[in-house]
Amino acid sequence: MIYLKIEFLGHAAFKITSKKNVLIDPFLTGNPKASTKPEDVKDIDIVLVTHGHGDHLGDSISIAKANDAVFVAMFEIANYAKSQGVGKTEPMNIGGTVDVEGIKITMTNATHSSDFAGGSANPAGFVVDFGDHRVYHAGDTGVFYSMKLIGELYAPDVALLPIGSRYTMDIREAVKAVELIMPKFVIPMHYGTYPAIEQDPYEFKNAVGDLADVIVLMPGESITF
Ligand code: NI
Ligand code: MN
């Protein structure tokens, strides 16, 4: 089995260390719960952005430039990054898979909104296939029944799911998402950053019960598979 380490950087930001190092939704500047600063995020090969909102696009462009990383996002967002000086971009869209340096990245649906400085672009999620492990980052989304398809087609063993409510799924919806996706492990995200999305991750863990192993990470904490 290949080594896979998932580090939670706060909010919806994760650094996944494996054959390649992948950074997802690095919202660090202005994030009161961020565990690191953008200039301290090093050795990143691939930057993924689920949608254009500031708490996801965040520091992705500056980090991609500083690390000479491949920037992967919805077509319009990737092209915007290119216009901002990012050297390597992989524009894609929902249902597509791109192979970036041996890592297979599939873009999935998300039910949300998304605009940004460069215009508008549909929101998305990602399944990242590292070989022995597949990680699903749902992005910002409500639950939708075709999450079951994501489980059937890509069989992610780890799901990163929002539970904060107001802008995304709440605990009740996220439990339903676990039922539909059936991952082995779930890491809750997108809660607790601000009072408006305060949630108790252990209430979520209790509600999921034996369906999956819910791993609660505080910003800066990580788990290795
Ligand atoms: Ni959003
Ligand atoms: Mn968000």
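**Exercises: a mixed sheet and a two-metal site**

In this predicted model, 7 strands make up an open sheet of mixed pairing, ordered β7-β8-β11-β12-β13-β14-β15. Strands (E, at least two residues) and helices (H or I, at least four) are DSSP runs numbered from the N terminus, and two strands pair if DSSP finds at least two bridges between them. Residues are numbered from 1 along each chain as its sequence is written, and ligands are numbered from 1 in the order in which they are written. Local features need pLDDT of at least 70, side-chain atom pairs count only at pLDDT 80 or more, and totals for chains, interfaces and linings use all residues; side-chain values use heavy atoms, without hydrogens and water.

**Exercise 1.** Find the strands at the edges of the sheet and say why one side of each lacks a neighbour.

*Solution.* Start with β7 (97-100) and β15 (213-214): each has a single partner strand, so one side is left without a neighbour in the sheet. Next, look at β14 (residues 185-189), which runs parallel to β15 and is joined to it by 2 bridges. In β15, Asp-213 is the bridge partner of Phe-185.

**Exercise 2.** Work out which residues hold the manganese ion (ligand 2).

*Solution.* First, list the protein donors (N, O and S atoms within 2.8 Å of the metal, or 3.2 Å for Na, K and Ca; water is not among the atoms, so sites may look incomplete). They are Asp-55 (OD), His-56 (NE2), Asp-140 (OD) and His-190 (NE2), 2.1 to 2.2 Å from the ion. Then read their spacing along the chain: D-H-x83-D-x49-H. Finally, note that Asp-140 bridges this ion and the nickel ion (ligand 1), the two lying 3.3 Å apart.
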